[in-house]
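Open the model in your viewer and keep the selection tool at hand. This tour goes from one salt bridge to the next, then turns to confidence.

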Amino acid sequence: MRTRNAALVGALCVGLSTALTACGGKEDPDAGTNGVGRLRAAAIQDKARDAARGADAVHLSGSVVSQGRTYRIDVRLKKDGGTGRVTSDQVSFELLRVGDDLFVKADAAFWSRGGAGGRPGGPNPVPAPAAGKKGKGDLATAAQKLNGKYVKVPSGDPSYQQLRGFTDKNVLLDGLLGLHGTLIRGDHGTVGGTPSIRLNAGDEKGSGGTLDVSLMGTPYPLRVQRAGGAGQLDFAEWGKPFALRVPGKGQTLDYGKRIPAGG
């Protein structure tokens with residue numbers, strides 16, 4: 001009888017090992033993973049940064065809060081450029097960069113408001129061009145002319161570096177993955193169905209931001225929550241290739257060395 005009972009208890013422990021801890025200890029959450037969940041917090045962050053820098057491409061989506069305004073970002077990035085859309089409550093525009101060639105595409109409402117800042121001098125502004133290369137014509141005429149066209153942003157224009165940052169993979173990721181404060185290894189979880197380990201910065205609640213890192217395959221970043229409620233961004237499609245092409249002449253307008261301010 002004792003042998004029979006022992007066999008039944010053993011079978012029960014095996015069958016419920018994923019749910020019970022009384023039959024031999026808590027299940028190892030890192031079993032079958034890439035093992036980064038066992039590392040120190042700083043080492044996990046280093047692994048995630050190295051993986052992000054080494055990837056050929058990534059799809060980034062989510063929101064960023066800047067100067068009281070929320071920007072929704074949906075961009076695909078690779079080493080030589082990127083493409084996607086940036087949207088706020090007032091404006092929406094597309095960005096395309098192929099090498100050093102940077103283009104902005106938007107509707108007339110975008111340009112009539114004064115560009116990406118929603119008003120001249122707003123955050124991340126794209127100056128609204130005048131109707132022609134010599135700056136003639138009013139803002140409304142210019143806005144209609146630019147409606148739905150790719151406007152090439154000259155490298156010498158003040159908005160060039162600001163907008164390029166949205167399409168520069170390494171610059172953007174380095175900034176987003178930089179958490180503030182002491183790093184603490186947090187809980188295991190999942191992001192988009194992928195097992196993850198969370199890093200909390202500042203304290204156990206992540207007051208300095210949080211970063212979820214994949215526990216499957218390459219330890220890519222999966223999600224970052226910025227400190228102070230300044231937005232959340234998800235990373236996906238690491239290494240998935242996509243095409244980048246300079247738009248045709250019929251789709252573009254080139255204003256030369258500088259986009260003149262309208263209005």
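Select Glu237 in this predicted model. Is Glu237 buried or exposed? Neither: its relative accessibility is 27%, and that counts as partly exposed. The limits explain the label, because partly exposed covers what lies between buried, under 20%, and exposed, over 50%.

Now add Arg76 to the selection. Its side chain meets that of Glu237 in a salt bridge, 2.9 Å from N to O. The two residues come from distant parts of the chain, 161 residues apart. Glu237 sits in the loop between β11 (231–236) and β12 (252–254). Arg76 belongs to strand β2, residues 69–78. Arg76 is partly exposed as well, at 31% relative accessibility.

Keep both residues on screen and add Lys240. Arg76, Glu237 and Lys240 are linked in a network of salt bridges.

Next, select Asp234. Which residue is its salt-bridge partner? Show Arg223: the closest N and O atoms of the pair are 2.7 Å apart. This bridge also links distant parts of the chain, with Asp234 in strand β11 and Arg223 in strand β10 (residues 221–225). The two are 11 residues apart. Check the accessibility of each. Asp234 has 24% and counts as partly exposed. Arg223 has 22% and counts as partly exposed.

Move on to Asp28. Its salt bridge is with Arg38, where the closest N and O atoms lie 2.8 Å apart. Where does this pair sit? Asp28 and Arg38 are both in the loop between α1 (2–15) and α2 (41–54), 10 residues apart. Asp28 is partly exposed, with a relative accessible area of 35%.

How many salt bridges are there by this rule? The count comes to 11. Among them are the pairs Glu237–Arg76, Asp234–Arg223 and Asp28–Arg38.

Last stop: colour the chain by pLDDT. The mean for the protein chain is 81. Of its residues, 77% reach 70 or more. Select residues 12–22. Here the pLDDT is below 50, and the stretch has 5 contacts in the model beyond near neighbours in sequence. Then select residues 117–137. The pLDDT is below 50 there too, and this stretch has 69 contacts beyond near neighbours in sequence. Where pLDDT is low, predicted coordinates should not be read in detail.

Terms used
Residues are numbered from 1 along each chain as its sequence is written. This is a predicted model: local features need pLDDT of at least 70, side-chain atom pairs count only at pLDDT 80 or more; totals for chains, interfaces and linings use all residues. Side-chain values use heavy atoms; hydrogens and water are left out. A salt bridge is a side-chain nitrogen of Lys or Arg within 4 Å of a carboxyl oxygen of Asp or Glu. Helices (H or I, at least four residues) and strands (E, at least two) are DSSP runs, numbered from the N terminus. Buried means under 20% relative accessible area, exposed over 50%, partly exposed in between (1.4 Å probe, protein chains only). pLDDT is the predictor's confidence in each residue, from 0 to 100. Contact means heavy atoms within 4.5 Å.
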